Amino acid sequence: MQIPTIFVCPDVTTLSHQAAERFIASGKSAIAARGQFSVALAGGSTPETMYADLASPEMLPQLDWTKSFIFMSDERHVLPSDPRSNYGMALRTLLCRLSPDKRHVFPVPTQHPTAADAAAAYERKLTDFFSTSPGTHFDLILLGLGSDGHTASLFPHSAALNEKSRLVTDSPPGTLPPSVQRITFTYPLINAAREVLVLAAGEAKAAPLRRILVDGVGREECPAAGLDPRDGTLSYFIDAAAAAMLPSAMLTKL
Ligand code: 6PG
């Protein structure tokens, strides 16, 4: 397993800004190398603050969004208009700033009657996209981290953790709210990405980060421990509160 780079920022405002800059840099380099940028957004409050930064008048024009292809790394089985929708959150904070005729956005088709149907349809959409794309894997996958160690909608001890061939699967809700069925990227898809970036802020994330990064707890207990992009990089962007239980020698200060 590769050792991730752990960037620590004094507060969530700095963290959001630094992560947004990283997002832009990743997008620019993908566009320069392959003519397009494929990225998956995450749900959660820490990613949300970053999207607000990305949507600012200073940052938004820095990326060629017409060459950016935007997916969701996990979703709740609710319609986009539902306040619990991850896509709905990304739309309100960031995507609504992009002109509808110029943006390429691929929400999970949650109108399907079951999460399993939605997952299968999303997998087809991904397969179609990558079959005609110059890159065969995501340039960047953004993820959050739950206080129980989950990432995307890969929850502790769930069947989704053992998925070896599917790119997207359904998953029952974990113990944290909201208690709705999920659609989630699987390890095979996440670990094929060029870059995986985990965003975590607040003291509730200190213990899971220690369990994953210091104690070596496995992915059954702490699913984020299964993040291990085989040909890509893994970075955590965290704030000081989330870093409180990590040895300072592990941290790269921003
Ligand atoms: C979801 C999220 C989930 C989230 C983490 C962190 O749909 O529930 O995608 O994986 O990213 O729970 O969320 P917070 O940043 O709000 O703690």
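A polar contact is a pair of N or O atoms within 3.5 Å; within protein, one of them must be able to donate a hydrogen and the other to accept it. The structure used in these exercises is a predicted model.

**Exercise 1. Surroundings of Ser-171**

Task: Find which backbone oxygen lies 3.4 Å from a polar atom of the Ser-171 side chain, and describe where Ser-171 sits.

Solution:
1. Locate the residue. Ser-171 belongs to strand 7, which covers residues 168–171.
2. Check its accessibility. Buried means under 20% relative accessible area. Ser-171 has 1%, so this residue counts as buried.
3. List the neighbours. Leaving out residues up to four places away in sequence, Ser-171 touches Ser-153, Phe-155, Ser-158, Ala-160, Gln-181, Arg-182 and Thr-184.
4. Pick out the oxygen. The backbone oxygen of Ser-153 is 3.4 Å from a polar atom of the Ser-171 side chain.

**Exercise 2. An aromatic pair**

Task: Classify the ring pair Phe-7 and Phe-237, and state which strands the two residues lie in.

Solution:
1. Start from the whole structure, where a search finds 12 aromatic pairs.
2. Apply the geometry. Planes under 30 degrees apart count as stacked, over 60 as edge-to-face and the rest as tilted. For Phe-7 and Phe-237 the ring centres are 4.9 Å apart and the planes stand at 40 degrees, so this pair is tilted.
3. Place the residues. Phe-7 is in strand 1 (residues 5–9) and Phe-237 in strand 10 (residues 233–239), so the pair ties together parts 230 residues apart in sequence.
4. Compare with the accessibility cut-off. Phe-7 is buried at 14% relative accessible area, and Phe-237 is buried at 3%.
5. Turn to the aromatic cluster. One cluster is formed by Phe-69, Phe-71, Phe-106, Tyr-122, Phe-129, Phe-130, Phe-138 and Phe-185.

**Exercise 3. The eight-stranded sheet**

Task: Give the strand order of the open sheet of eight strands, name its edge strands, and say which strands helix 4 lies across.

Solution:
1. Write the order. The strands run 5-3-2-6-9-10-1-11, with parallel pairing.
2. Find the edges. Strand 5 (104–106) and strand 11 (251–253) each pair on one side only, which makes them the edge strands.
3. Note the twist. On average, neighbouring strands in this sheet are turned by 20 degrees against each other, direction ignored.
4. Examine one pairing. Strand 9 (residues 195–200) pairs with strand 10 in the parallel sense over six bridges. Ala-200 stands opposite Ile-238 of strand 10.
5. Add the helix. Helix 4 (residues 115–131) lies across strand 2 (37–41), strand 3 (68–72) and strand 5, and runs at about 160 degrees to strand 3.

Methods: Residues numbered from 1 in each chain as written. Predicted model: local features only at pLDDT ≥ 70, side-chain atom pairs only at ≥ 80, totals over all residues. Heavy atoms only, no water. Phe/Tyr/Trp six-rings, centres within 6.5 Å; stacked < 30°, edge-to-face > 60°. Helix = DSSP H or I, 4+ residues; strand = E, 2+ residues; numbered from the N terminus. Buried < 20%, exposed > 50% of the residue type's maximum accessible area, 1.4 Å probe, protein only. Contact = heavy atoms within 4.5 Å. Pairing = 2+ DSSP bridges. Axes fitted to C-alpha atoms, helices over the stretch in contact; angles between N-to-C directions.
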